[in-house]
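Hi,

Here is the structure I said I would pass on. Have a look at it first, and then read my notes underneath.

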Amino acid sequence: MRYKAIVMYDGTMFHGFQSQTNLRTVQDEIEKVLLIICKTKIIIYSAGRTDTGVHALGQVFHFDTSIEM
């Protein structure tokens, strides 16, 4: 199944939305939680990105999983 999610976040402690090696990003944090929930690695695909320190209200992303939620 494909799921759409809408999130808001304070970007102060993040190096933007998109995953980056050795930096804390919103994408990495969301994927860590989805790993716990789905018990398998999930990659999320955002409709846009933010830069370091930027906040978001209504950030959209999707992901695929065989788990029904």
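**What I found**

Let's begin in the sheet: strand 2 (residues 45–46) is paired with strand 3 in the antiparallel sense, and two bridges hold that pairing. Please keep in mind throughout that this is a predicted model.

If you want to find the two positions on screen, Tyr-45 sits opposite His-62 of strand 3, and Ser-46 sits opposite Phe-61 of the same strand 3. On to the other pairing: strand 1 (residues 2–9) runs antiparallel to strand 3 (residues 56–64), with eight bridges between them. One place to look there is Tyr-3, whose bridge partner in strand 3 is Phe-63.

Put together, the three strands make an open, antiparallel sheet in the order 1-3-2. Strand 1 and strand 2 are at the edges with a single partner strand each, so one side of each has no neighbour in the sheet.

**The core**

Which residues have the most contacts inside the largest nonpolar core? They are Ile-30, Ile-44 and Phe-63, in a core of 14 residues. Strand 1, helix 1 and strand 3 each put at least two residues into this core, and helix 1 is the biggest contributor, with four. As background, nonpolar side chains in soluble globular proteins tend to be buried together.

Ile-30 is a good residue to click on. Not counting residues up to four places away in sequence, Ile-30 touches Val-7, Phe-17, Ile-44 and Phe-61.

Val-26 is another one to pick out, and it belongs to helix 1. Is Val-26 buried or exposed? Its relative accessibility is 5%, so Val-26 counts as buried, given that the cut-off for buried is under 20%. Once you set aside neighbours within four places in sequence, the contacts of Val-26 are Tyr-9, Phe-14, Gly-16 and Phe-17. You can also check Val-26 against Gly-11: their C-alpha atoms are 7.9 Å apart in space, with the two positions 15 residues apart in sequence.

**Charged pairs**

How many salt bridges are there? The count comes to three. In general, side chains of opposite charge can pair when their charged atoms come close.

Take Arg-2 and Asp-64, whose side chains meet in a salt bridge at 2.8 Å, N to O. Arg-2 is in strand 1 and Asp-64 is in strand 3, so this pair ties together parts that lie 62 residues apart in sequence. Arg-2 counts as exposed, at 58% relative accessibility, while Asp-64 is partly exposed, at 37%.

Glu-29 takes part in the other pairs. The side chain of Arg-24 meets that of Glu-29 in a salt bridge of 3.4 Å, N to O, and Lys-32 also bridges to Glu-29, with the closest N and O atoms 3.2 Å apart. That links Arg-24, Glu-29 and Lys-32 in a network of salt bridges. Lys-32 and Glu-29 are three residues apart in helix 1, which means about one helical turn separates them. As for exposure, Arg-24 is partly exposed with a relative accessible area of 39%, Glu-29 is partly exposed at 23%, and Lys-32 is partly exposed at 48%.

**The start of the chain**

Met-1 comes in the segment before strand 1, and it counts as exposed at 55% relative accessibility. Which residues does Met-1 contact, leaving aside its neighbours within four places in sequence? The list is Phe-63, Asp-64, Thr-65, Ser-66 and Glu-68. Between Met-1 and Asp-64 the C-alpha distance is 5.6 Å, although the two are 63 residues apart in sequence. Asp-64 is also the salt-bridge partner of Arg-2, so you can view these residues together while you have that part of strand 3 on screen.

**On the surface**

One last thing to colour in: Val-33, Ile-37, Ile-67 and Met-69 form a nonpolar patch on the surface, with about 360 Å² of accessible area together. Of these, Ile-37 lies in helix 1, which covers residues 26–38.

Happy to go through any of this with you at the screen.

Cheers

Notes
Residues are numbered from 1 along each chain as its sequence is written. This is a predicted model: local features need pLDDT of at least 70, side-chain atom pairs count only at pLDDT 80 or more; totals for chains, interfaces and linings use all residues. Side-chain values use heavy atoms; hydrogens and water are left out. Patches are made of residues with over 30% relative accessible area and no salt bridge: like charges are joined within 9 Å, nonpolar side chains (Val, Leu, Ile, Met, Phe, Trp, Tyr) within 5 Å. Accessible areas come from the Shrake-Rupley method with a 1.4 Å probe; for residues, only the protein chains shown count as cover. A salt bridge is a side-chain nitrogen of Lys or Arg within 4 Å of a carboxyl oxygen of Asp or Glu. Two strands pair if DSSP finds at least two bridges between them. A nonpolar core is a set of buried Ala, Val, Leu, Ile, Met, Phe, Trp, Tyr and Cys residues joined through side-chain atoms within 4.5 Å. Buried means under 20% relative accessible area, exposed over 50%, partly exposed in between (1.4 Å probe, protein chains only). Contact means heavy atoms within 4.5 Å.
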